[in-house]
Amino acid sequence: MDSLAAVLYLILFPGFVFLLVFGLFCEWVDRKVYARLQNRVGPPLFQPFADLIKLLGKEDIIPKNVDSILFQYTPLIAFAAVMTPIIFIPIWSATALFPLQGDLIIALYLLSIPALALFVIGWSSVSLYPLLGGFRAATMLFGYEVPFILACLSCGIIAGSWRISDITAYLEMYPASMLIVIPGFVIALLALEAKLERTPFDIPQAETEIVGGVLTEYSGKKLAVMRLMDDIRMVVGSSLIAAVFLGGFIVSYGSISWAGTDLTNVINFLLYIAKSLMIVFLLAVIRTLFARIRIDQMLDFSWKYLAMGGIFQLFIAVMYIGILHG
Amino acid sequence: MEKNILIPIGPQHPGFKEPMRLDISIDGEKVVDADIILSFNHRGIEKATEARSYIQNLYLIERVCGICSHAHTTSYCHAVEEILGLQVPDQARYIRTFIGELERIQSHLLWLGIAGHEIGWDTLLMYTWRDRERVNDMLELISGNRVHYAMNTIGGVRRDIAQEDISGLKEGLDLLEKSVKYYIHVITEEETFLMRTRGVGYLSTDKARKLCAVGPTTRASNVKIDVRADDSYAAYLDLDFSVVTAESGDVWGRSIVKTGELVQSIRICRQVLDVLPGGEIRTKAPPKVPTGEAVSRYEAPRGELIYYVKSNGSNMPERVKIRSPTLGNWLVMAEMLKGVYIADVPIVVDAIDPCLSCSARVTMTDYSKGKKVVTTLGALGKWKKGRRGIA
């Protein structure tokens with residue numbers, strides 16, 4: 001692969017531009033589903049895009065007392081961190097753009113950067129509400145991170161590789177093994193909901209308690225970047241879950257063609273979109289159904305049920321491998 | 001050294017719908033003490049009533065509160081009618097009851113939605129407020145207005161319920177009953193709602209009595225008081241309903257009481273529509289009211305509302321004193337806040353359904369000295385320009 005193509009991949013597809021468009025589209029799907037389930041009309045298709053443009057044009061205020069460097073550059077670090085995993089996630093075939101050995105771990109690590117970034121932002125904002133929000137974001141990290149990793153690693157154990165592309169390829173070869181990671185899928189979905197700080201886990205940005213949460217002091221471009229970061233985090237998180245748990249819904253290379261053209265990549269890409277949108281839909285349904293729980297209840301829930309479930313899933317995965325190879 | 005951290009919440013805060021300030025002292029995540037600072041929007045309504053005639057006052061008093069406007073005018077009318085010794089026609093009594101109950105339904109539905117919003121469950125807000133529209137439509141059908149119905153006048157009501165509207169109203173009540181039953185199901189079954197409301201903001205029966213709490217807040221602590229039953233007014237004596245109480249004394253109990261009252265209100269409304277006696281809707285009242293005074297009690301959606309009216313023989317009252325239900329509940333709110341988590345503060349505050357526009361009193365704050373003084377109306381009259389800040 002020559003370097004020009006690599007740059008194009010990173011900038012256009014599946015890199016920045018694709019993530020931007022798909023992220024905004026997913027935000028629209030999320031908001032629309034949320035609204036329809038609540039008996040509301042919901043936003044028009046271009047609303048998230050319009051919001052973004054509007055925010056970019058707004059005055060960008062940096063409060064006097066903040067730690068200026070941290071305050072200004074942490075959003076960019078968070079933004080870069082959530083975009084990067086897309087190069088490890090298979091989109092149009094069972095192989096990702098730049099697969100690495102152990103890229104599942106890297107992707108999980110990169111996806112937890114935003115929580116740390118939120119903590120740093122809360123700290124550097126020197127204001128009560130961001131501080132509380134930042135603490136809450138960091139506290140929640142201890143709750144959802146372990147179950148999320150346990151659930152994802154179970155798939156790695158089944159496939160015998162820490163590479164996301166290998167997991168997808170394995171699930172493609174043995175689609176039935178998707179059935180035994182169903183508990184892991186549910187756990188990962190709930191943990192992702194917490195990771196994305198959405199109801200019932202929207203504790204760090206609980207409007208009625210701590211006003212704007214971590215981002216209270218943000219405005220203009222930086223707020224736009226943070227909101228876009230949220231969207232892209234949702235897309236990348238859903239794509240990761242889709243690749244790791246639903247990898248079986250993919251067609252092997254060269255098996256579908258129409259009028260002499262090989263359409264496999266197109267079909268696989270559409271399948272990827274469908275899988276991600278399904279996960280976004282499920283996330284929106286979860287958001288509709290529940291009230292926000294308290295931080296202590298959230299940690300209770302994560303450790304008592306999610307982490308236990310994750311260990312259970314790991315156990316199943318090890319048993320499965322033992323029976324298969326033993 | 002001060003061990004506890006003081007967190008100011010408000011006067012402007014997304015958790016509060018009206019300006020109020022809470023200074024909560026926290027130890028870790030728990031609230032140790034709460035200081036309530038009120039009256040950010042004093043409007044001087046009581047004073048203004050003294051410069052208007054009894055009829056003009058109706059329109060002023062209706063605007064004390066946007067949610068329970070009918071409660072205020074009915075209570076005021078009862079007081080004035082008592083001084084006048086006026087007999088209100090039966091039809092008017094029933095219509096007053098009907099509007100009052102519809103108002104209770106819309107107020108409680110509004111509360112349920114806000115409670116959902118406070119605990120981050122906007123779905124409940126959207127659903128209850130959609131159904132609240134139906135009540136508003138019904139009120140519009142009767143009175144032509146959705147918020148300030150302007151139904152009351154001294155000696156009766158201003159509009160009759162037309163015979164052809166009754167079927168539409170009954171239909172609306174059926175729809176409401178269906179959705180209210182669904183909400184009762186939701187708030188008793190939904191796990192996250194229970195997690196956030198059970199055991200939160202506990203108020204014991206003893207404390208509720210001692211601190212003179214009113215309305216659903218008291219009834220949720222298993223104190224059976226309800227002006228409608230204890231000191232019946234309008235048509236409540238002729239109607240069959242029960243006073244809803246709960247034993248848990250927490251926010252959940254308060255939601256159970258309020259939803260239970262929704263069912264009772266719908267029941268009352270049905271009875272009223274069935275037995276509307278017809279006939280005159282008002283007795284003509286003289287413009288001048290003889291010397292005298294009267295106190296009237298009314299069970300507003302938030303609790304007992306008290307009006308004191310003193311007349312001096314002219315066409316303007318000498319003194320009108322309003323004791324709104326929210327004022328009776330501030331003390332218990334401070335009590336309920338002790339020991340809750342910071343995250344529970346909004347829902348506990350909201351559980352008494354605070355209506356600040358009803359309960360503003362005058363407090364002057366001298367910011368330069370950081371001193372708060374509660375002033376009397378007389379002192380307010382002498383209040384000079386140049387002093388900073390009415391708070």
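**Figure 1. Where helix α2 of chain A meets helix α10 of chain A.** In this predicted model, α2(A) brings L19(A), F22(A), G23(A), L24(A), C26(A) and E27(A) to the contact, and α10(A) answers with L228(A), D231(A), I232(A), M234(A) and V235(A). Sorted by class, that gives 8 nonpolar, 1 polar and 2 charged residues. The axes of α2(A) and α10(A), the latter covering residues 220-245, come within 8 Å and cross at roughly 90°. That crossing makes α2(A) roughly perpendicular to α10(A).

**Figure 2. Helix α2 of chain A again, now with helix α3 of chain A.** Here α2(A) spans residues 16-37 and α3(A) spans residues 47-57; their axes come within 8 Å and cross at roughly 120°. The two helices are therefore oblique to each other. On the α2(A) side, look for L24(A), E27(A) and W28(A); on the α3(A) side, look for Q47(A), P48(A), F49(A) and L52(A). This contact splits into 5 nonpolar, 1 polar and 1 charged residue. If L24(A) and E27(A) ring a bell, that's because they also belong to the α2(A) residues that meet α10(A).

**Figure 3. The face that chain B turns to chain A.** In this view, 23 residues of chain B are in contact with 21 residues of chain A. Which helices of chain B each put in at least two residues? They are α4 (90-118), α5 (122-143) and α7 (191-197). Of the chain B side, α5(B) holds the largest share, with 5 residues. By class, the chain B residues touching chain A come to 12 nonpolar, 7 polar and 4 charged.

**Figure 4. A three-stranded sheet in chain B, with a helix packed on it.** The sheet is open and antiparallel, and its strands go in the order β1-β2-β3. At the edges stand β1 (5-9) and β3 (30-37) of chain B; each has a single partner strand, so one side of each goes without a neighbour in the sheet. Ignoring direction, neighbouring strands are turned by 25° against each other on average. Zoom in on the pairing of β1(B) with β2(B), residues 21-27, and you'll find 5 bridges between antiparallel strands. One spot to pick out is P8(B), which stands opposite D23(B) in β2(B). Helix α12(B), residues 325-337, packs on this sheet and touches β2 and β3 of chain B, with its direction at about 160° to that of β3(B).

**Figure 5. The β7-β8 hairpin of chain B.** Strands β7(B), residues 303-311, and β8(B), residues 317-323, run antiparallel and are joined by 6 bridges. Want a landmark in the ladder? I306(B) has R323(B) in β8(B) as its bridge partner. The hairpin leaves 5 residues between its strands, and G313(B) in the turn has a positive phi of about 90°.

**Figure 6. Chain B as the setting for the close-ups.** The chain holds 15 helices and 10 strands. How does its radius of gyration sit against that of a compact globule? A compact globule of 391 residues would come out near 21 Å, and chain B has 21 Å, so the two agree. Along its principal axes, the C-alpha trace spans about 70 × 55 × 35 Å. Buried residues make up 46% of the 391 in chain B. Among contacts with a separation of 6 or more, 70% link residues 24 or more positions apart.

Definitions and conventions:
Residues numbered from 1 in each chain as written. Chains lettered and ligands numbered in written order. Predicted model: local features only at pLDDT ≥ 70, side-chain atom pairs only at ≥ 80, totals over all residues. Axes fitted to C-alpha atoms, helices over the stretch in contact; angles between N-to-C directions. Helix = DSSP H or I, 4+ residues; strand = E, 2+ residues; numbered from the N terminus. Parallel < 35°, antiparallel > 145°, perpendicular 65-115°, else oblique. Contact = placed C-beta atoms within 7 Å. Nonpolar A, V, L, I, M, F, W, Y, C, P; charged D, E, K, R; others polar. Rg over C-alpha atoms; globule rule 2.2 N^0.38 Å. Buried ≥ 20, exposed ≤ 12 C-beta atoms within 10 Å, placed from the backbone. Pairing = 2+ DSSP bridges.
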